[in-house]
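Work through the following exercises with the structure in view, and try each task before reading its solution.

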Amino acid sequence: MSTDPRKLPIHADARHADVPLEEKQRLFDEVVADTRYHDTLYGCYECGICVAACPSARFYDFSPRVFAQTLARKDVHGFYELLVDSVWDCSQCFSCTRCPRQNSPGGLITIMREVAVNNGLQSAKDALAAYSRVIYKVMSTGTQVSPDMLQPDFFPDWGPDVQAVSDNLETWRRAIPTETLHTLELAWDVSEKTRVELFLIWKLTGNFDMIEKIDESSYLILEEIMEELLEEHGYDFDDIESII
Ligand code: SF4
Ligand code: SF4
């Protein structure tokens with residue numbers, strides 16, 4: 001790991017306990033068993049093209065090549081180290097898909113993140129804790145970060161400009177020509193029909209259940225909101241699979 005403070009990983013302060021080899025192997029096997037896995041890794045020339053294209057590699061002690069090589073070598077210890085740390089430094093931009101071997105390190109990382117979340121790893125909880133408000137907002141309203149979240153104590157890492165924005169939020173929003181954007185609690189208005197569709201997609205794809213693994217209290221609040229709206233529209237929340 002680099003000692004250059006400008007290139008420390010996002011979660012450099014996180015310390016995660018080691019686990020027995022069998023547990024690392026189990027997690028590794030879960031990644032390999034994913035149906036997408038064999039379309040993301042075909043070996044590695046060690047050419048470094050993915051590293052040159054990767055924005056995260058510029059700012060963190062992070063390398064998409066290391067992911068490709070570690071998994072191709074079936075290095076289970078190295079895999080576990082990536083799983084509990086570097087896996088959260090990827091921007092998921094997929095610039096690395098220009099790999100001449102058709103690898104997708106970003107795709108490998110997507111699978112690894114899902115395995116980390118589905119197994120409720122503490123490292124995943126720590127990495128995603130800062131996003132709990134965003135996840136809650138997206139899943140409850142169907143829109144992304146809302147203006148009223150632009151407060152310095154919500155996002156201390158956004159710098160001093162956040163204070164100026166939050167002080168004049170109402171004025172900024174009213175200056176936007178489109179009337180439906182004059183709200184503070186929503187990024188924009190989302191129709192009830194769209195929210196029902198989003199809730200069904202999240203529920204049926206298992207995305208909603210993933211929230212329970214990393215943030216149970218948000219899950220319980222969201223469950224209540226979704227259940228109420230879906231049942232208003234005639235869906236049985238506890239037997240949602242029956243609509244397929
Ligand atoms: S998807 Fe991740 S690994 Fe690939 S280029 Fe983007 S940041 Fe780098
Ligand atoms: S671009 Fe592909 S082949 Fe080259 S180092 Fe990255 S993963 Fe390996």
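**Exercise 1.** Find which space ligand 2 takes, and describe what surrounds it.

*Solution.* Step 1: in this predicted model, ligand 2 takes the space of the largest cavity. A cavity here is a set of points, on a 1 Å grid over the protein atoms alone, where a 1.4 Å probe fits but cannot get out, whereas a pocket is an open set with protein on both sides within 12 Å along at least five of seven lines; lining residues have an atom within 4 Å of a point. A molecule sits in such a space if more than half of its atoms lie within 2 Å of its grid points.

Step 2: the residues that surround ligand 2, meaning those with a heavy atom within 4 Å of it, include Cys-44, Cys-47, Cys-50, Arg-65, Cys-99 and Asn-103. The elements that give two or more residues to this shell are α2 and α4, where helices (H or I, at least four residues) and strands (E, at least two) are DSSP runs numbered from the N terminus.

Step 3: sorted by class, the shell around ligand 2 holds eight nonpolar, two polar and two charged residues. In this sorting Ala, Val, Leu, Ile, Met, Phe, Trp, Tyr, Cys and Pro are nonpolar, Asp, Glu, Lys and Arg are charged, and the others, Gly among them, are polar.

Residues are numbered from 1 along each chain as its sequence is written, while chains are lettered from A and ligands numbered from 1 in the order in which they are written. Because the model is predicted, local features need pLDDT of at least 70 and side-chain atom pairs count only at pLDDT 80 or more, though totals for chains, interfaces and linings use all residues; side-chain values use heavy atoms, with hydrogens and water left out.

**Exercise 2.** Describe the volume and the lining of the largest cavity.

*Solution.* Step 1: the largest cavity holds about 90 Å³ of space, a volume being the space filled by probe spheres set on grid points that are joined across faces, edges and corners. Of its 15 lining residues, Cys-44, Cys-47, Cys-50, Cys-99 and Asn-103 are the closest to its centre.

Step 2: α4 gives the largest share of this lining, three residues. By class, the lining of the largest cavity has ten nonpolar, two polar and three charged residues.

**Exercise 3.** Which cavity does ligand 1 take, and how many residues surround this ligand?

*Solution.* Step 1: ligand 1 takes the space of the second largest cavity, which has about 80 Å³ of space. The 14 residues that line the second largest cavity include Cys-54, Phe-62, Cys-90, Cys-93 and Cys-96, which are the closest to its centre, and α3 (55-59) and α6 are the elements that give two or more residues to this lining.

Step 2: around ligand 1 there are 13 residues, the closest being Cys-54, Cys-90, Cys-93, Phe-94 and Cys-96. This shell has eight nonpolar, five polar and no charged residues.

**Exercise 4.** Describe the largest pocket and the largest nonpolar core.

*Solution.* Step 1: the largest pocket has a volume of about 990 Å³. Among the 30 residues lining it, the closest to its centre are Trp-88, Arg-113, Leu-128, Tyr-131 and Ile-135, and the lining divides into 22 nonpolar, five polar and three charged residues.

Step 2: a nonpolar core is a set of buried Ala, Val, Leu, Ile, Met, Phe, Trp, Tyr and Cys residues joined through side-chain atoms within 4.5 Å. The largest one has 33 residues, of which Val-31, Leu-71, Phe-79, Leu-83, Trp-88 and Met-112 touch the most other members; α6 supplies the largest share of this core, seven residues.

**Exercise 5.** Is Lys-74 buried or exposed, and where does it lie?

*Solution.* Step 1: Lys-74 lies in the loop between α4 and α5. Lys-74 counts as exposed because its relative accessibility is 58%, given that buried means under 20% relative accessible area, exposed over 50% and partly exposed in between (1.4 Å probe, protein chains only).

Step 2: most residues other than glycine have a negative phi. Lys-74, although not a glycine, has a positive phi of about 55°.

Step 3: Gln-92, in the loop between α5 and α6, is also not a glycine and has a positive phi of about 55°. Gln-92 is partly exposed, with a relative accessible area of 23%.
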